[in-house]
Amino acid sequence: MEPQLLHSVTDSVATVVIHHPAKRNAMTAAMWRALPPLLGTLAADPGVRALVLTGEGGTFCAGADISTLQGSPQAAQGLAVAAEEALAAFPKPTLAAVRGHCVGGGSQLAAACDLRFAEEGSLFGVTPAKLGIVYPASSTRRLASLVGPATTKYLLFSGELIDAERALRTGLVDEVLPEGELGKRVAEFTRTLASRSQLTQAAAKEFADGRTDRDDHWAEQARGSGDTAEGVAAFLERRQPRFTWNVPTSG
């Protein structure tokens with residue numbers, strides 16, 4: 001099978017699989033280009049309430065396919081940044097499910113997700129110093145917002161890999177699961193995400209990411225959504241709420 005991004009939707013959760021097992025799921029130029037339009041399609045699907053990004057088999061992503069850097073490293077980096085930004089802008093909750101190596105462009109994609117769950121034994125690294133590449137400013141700032149300046153410098157200065165336990169301590173990942181437990185936990189947690197109010201999630205995502213110009217917008221959405229009334233009624237009636245607000249398909 002050619003290197004590609006596979007995707008499926010089950011129980012309102014979209015799963016995108018990085019599929020390039022011959023090179024430990026390294027991202028080719030074509031795969032970087034394919035990610036933004038795929039994310040756009042999934043974002044516009046009202047049946048999708050959360051998204052999981054993972055890798056084929058026992059590896060998340062070993063980074064960019066180095067052969068793509070031989071022509072124009074700047075152009076290749078631009079493709080990676082465009083894909084990263086599209087993932088960060090996805091309007092519904094995103095979760096990276098990490099097994100094995102999550103390195104370079106793989107860490108770039110994982111950091112662009114809202115949450116990261118990892119299996120024990122996973123390894124994380126940001127390795128441009130091994131290639132003499134300046135890591136993008138936006139990617140560096142995103143990493144620093146997750147793990148702080150000191151750990152960002154450690155990762156970028158050295159290019160060394162850290163294990164899942166250290167990634168958890170530094171805030172790079174949110175949960176570490178025993179071997180064989182990651183898939184079950186991700187399925188369980190994304191079912192929870194899919195059952196919650198998209199209104200709450202979408203507003204919280206913007207606020208947490210630092211957007212400061214949409215307070216009035218979200219107050220208006222809350223007044224007109226019906227989600228609050230439904231949530232309160234469901235609580236009083238001791239039943240599961242049926243939230244109806246959906247992320248608009250046009251920004």
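A charge is taken to sit over a ring if NZ of Lys or CZ of Arg is within 6 Å of the ring centre and within 35 degrees of the ring normal. In the structure described here, which is a predicted model, this arrangement is found between R166 and Y154, where the charged end of R166 sits over the ring of Y154 at 4.3 Å from its centre.

Aromatic side chains also meet one another, and the structure holds 2 aromatic pairs. One of them is formed by F117 and F189, whose rings are tilted, with 5.2 Å from centre to centre and 55 degrees between the planes. This pair links distant parts of the chain, since F117 belongs to strand β6 (residues 115–119) and F189 to helix α6 (residues 182–195), the two residues being 72 residues apart. Both F117 and F189 are buried.

Attention may now turn to the strands. In general, the strands of a sheet pair through backbone hydrogen bonds, in either a parallel or an antiparallel sense. Strand β3 (residues 50–55) pairs with strand β2 (residues 13–19) in the parallel sense over 6 bridges, and within this pairing the bridge partner of T15 in β3 is V52. Strand β3 also pairs with strand β4 (residues 94–98), again in the parallel sense, over 4 bridges; here the bridge partner of L53 in β4 is A96. Strands β2 and β3, together with helix α1 (residues 29–44), make a right-handed β-α-β unit.

How many of the residues of strand β3 are buried? Of its 6 residues, 6 are buried, and the strand is therefore largely enclosed by the rest of the structure. Both faces of β3 are covered, with A50, V52 and T54 buried on one side and L51, L53 and G55 buried on the other. V52, the bridge partner of T15, and L53, the bridge partner of A96, thus lie on opposite sides of this strand.

An open sheet of 3 strands is also present, in which the order is β5-β7-β8 and the pairing is mixed. Its edge strands, β5 (101–103) and β8 (162–163), each pair on one side only. Strand β7 (residues 123–125) pairs with β8 in the antiparallel sense over 2 bridges, and the bridge partner of F124 in β8 is I162. Helix α3 (residues 105–112) packs on this sheet, where it touches β5 and β7, and the direction of the helix makes about 90 degrees with that of β5.

How values were computed
Residues are numbered from 1 along each chain as its sequence is written. This is a predicted model: local features need pLDDT of at least 70, side-chain atom pairs count only at pLDDT 80 or more; totals for chains, interfaces and linings use all residues. Side-chain values use heavy atoms; hydrogens and water are left out. Two strands pair if DSSP finds at least two bridges between them. Contact means heavy atoms within 4.5 Å. Axes are lines fitted to C-alpha atoms, for helices over the stretch in contact, and angles run from 0 to 180 degrees between N-to-C directions. Buried means under 20% relative accessible area, exposed over 50%, partly exposed in between (1.4 Å probe, protein chains only). A crossover is right-handed if, with the strands pointing away from the viewer, the path from the first strand over the helix to the second runs clockwise. Rings of Phe, Tyr and Trp (its six-membered ring) pair if their centres lie within 6.5 Å; planes under 30 degrees apart count as stacked, over 60 as edge-to-face and the rest as tilted.
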